[in-house]
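Subject: Structure for you to look at

Hello,

Here is the structure I said I would pass on. Please open it first; my notes follow below.

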Amino acid sequence: MAREAATHPGTRNVDAGGEFLADLSDPTAGRVAMARELASENVRMIADPAPLGLGCFALTTFLLSLFNAGLLPAAGEPIVFGVALAYGGAAQVLAGMWEFRKGNVFGATAFTSYGAFWLSFWAFVTFYAADIPDADDRASVVGWYLIGWGIFTVILWVASLRTTAALALLFTLLAATFFVLGLGDVAHSEGMTRVGGYLGLVTAAVAWYACLAGVAASTFGRAVLPNPPLYRL
């Protein structure tokens with residue numbers, strides 16, 4: 001909350017003569033989310049959960065993509081599953097729940113959904129993959145699973161065009177990653193899987209950038225890394 005600050009977009013006057021300042025550093029908030037935050041004093045008591053959700057997504061995607069790209073041996077892939085359960089899954093779902101509390105529909109939908117994606121990925125590999133004994137059949141159904149998530153990501157990509165530049169780029173890359181990996185599994189193409197792995201690494205880098213932009217804006221009290229909004233208040 002800023003008192004006696006200069007008036008600028010993203011503020012609301014209060015009776016005492018000061019102003020409330022919306023959390024303009026939230027990379028997942030669109031115009032409606034900002035308006036809700038300006039309308040509610042209680043929301044400002046909650047730290048922005050978006051950097052947490054982005055960090056959860058970035059690290060888990062980075063680790064899995066190292067294996068998909070063939071940069072790490074497949075025998076080490078189980079390291080991903082614990083991270084998928086605790087960080088990419090559970091912690092990211094919590095970030096989504098806090099976005100619900102802030103009134104941010106996009107952030108809540110995205111973080112909760114992709115947290116559930118990592119939880120379902122962990123559960124499938126841990127409990128159910130062995131129930132599909134044929135490797136080709138297993139790859140095919142995983143491919144369609146990834147393509148399904150790609151379709152969902154396209155839906156969110158449309159909505160992301162009214163959030164921030166980094167987030168719109170993130171969802172563009174993420175949709176491409178899901179489709180390339182999914183088609184690679186369906187076609188049993190190691191080459192496409194490797195391409196999807198490299199796309200995943202770039203996607204993780206953009207997510208980390210957006211995470212750092214949000215955290216740095218909070219600690220420095222100003223925008224440090226550019227992440228312009230794609231909307232007007």
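**Notes on the model**

W118 is buried, since its relative accessible area is 3%. Before going further, please keep in mind that this is a predicted model.

W118 shares helix α4 with F121, three residues away, which is about one turn of the helix. The two rings form an aromatic pair of the edge-to-face kind, with 5.7 Å from centre to centre and 90° between the planes. F121 counts as buried too, because its relative accessibility is 14% and the cut-off for buried is under 20%.

W118 also has a neighbour from another helix. T61 touches W118, G200 and A204, leaving aside residues up to four places away in sequence. The place of T61 is in helix α2, which covers residues 50-68. T61 is buried as well, because its relative accessible area is 7%.

**The chain as a whole**

The protein chain has seven helices and two strands. Read from the N terminus, the order of the elements is β-β-α-α-α-α-α-α-α. Of the 233 residues in the chain, 46% are buried. Among contacts with a separation of 6 or more, 65% are between residues 24 or more positions apart.

**Aromatic rings**

How many aromatic pairs does a search of the whole structure find? The search gives 16. One of these is F106 with F171: the ring centres are 5.4 Å apart and the planes stand at 70°, so this pair is edge-to-face. It links distant parts of the chain, as F106 is in helix α4 and F171 is in helix α6, 65 residues apart. F106 and F171 are both buried.

Ring pairs also join a set of residues into a cluster, made up of F57, F81, F106, Y114, F117, W118, F121, Y145, W149, F152, F171 and F178. The pairs described above, W118 with F121 and F106 with F171, have their residues in this cluster.

**Helix packing**

Two packed helices are described by the angle between their axes and the distance between the axes. I went through three such packings.

α4 with α6. Helix α4 spans residues 105-128 and helix α6 spans residues 165-186; their axes come within 14 Å and cross at roughly 30°. Angles under 35 degrees count as roughly parallel, and α4 and α6 are therefore roughly parallel to each other. Their crossing is left-handed. On the α4 side the contact is made by F106, A110, Y114 and F117, which meet L167, F171, L174 and F178 in α6. By class, the residues of this contact are eight nonpolar, no polar and no charged.

α2 with α7. Helix α7 covers residues 190-220 and packs against α2 at an angle of about 155°, the axes being 8 Å apart. That angle makes α2 roughly antiparallel to α7. The crossing of α2 past α7 is left-handed. The contact of α2 with α7 comprises 14 nonpolar, nine polar and one charged residues.

α6 with α7. What is the angle between α6 and α7, and how far apart are their axes? The angle is about 160° and the axes are 8 Å apart. This makes α6 roughly antiparallel to α7. α6 passes α7 in a left-handed crossing. Sorted by class, the contact of α6 with α7 has 17 nonpolar, seven polar and one charged residues.

**Two further residues**

H188 sits in the loop between α6 and α7. Its phi is near 55°, a positive value in a residue other than glycine. Is H188 buried, partly exposed or exposed? H188 is partly exposed, because its relative accessible area is 42% and the partly exposed class lies between 20% and 50%.

V215 is found in helix α7. At a relative accessibility of 38%, V215 counts as partly exposed. The C-alpha atoms of V215 and P49 are separated by 9.9 Å, and these two residues are 166 residues apart along the chain.

If you want a place to start, W118 will do: it is buried, pairs with F121 and is touched by T61 of helix α2.

Regards

Note on methods
Residues numbered from 1 in each chain as written. Predicted model: local features only at pLDDT ≥ 70, side-chain atom pairs only at ≥ 80, totals over all residues. Heavy atoms only, no water. Axes fitted to C-alpha atoms, helices over the stretch in contact; angles between N-to-C directions. Helix = DSSP H or I, 4+ residues; strand = E, 2+ residues; numbered from the N terminus. Parallel < 35°, antiparallel > 145°, perpendicular 65-115°, else oblique. Left-handed = near helix turned anticlockwise from the far one by under 90°. Contact = heavy atoms within 4.5 Å. Nonpolar A, V, L, I, M, F, W, Y, C, P; charged D, E, K, R; others polar. Phe/Tyr/Trp six-rings, centres within 6.5 Å; stacked < 30°, edge-to-face > 60°. Buried < 20%, exposed > 50% of the residue type's maximum accessible area, 1.4 Å probe, protein only.
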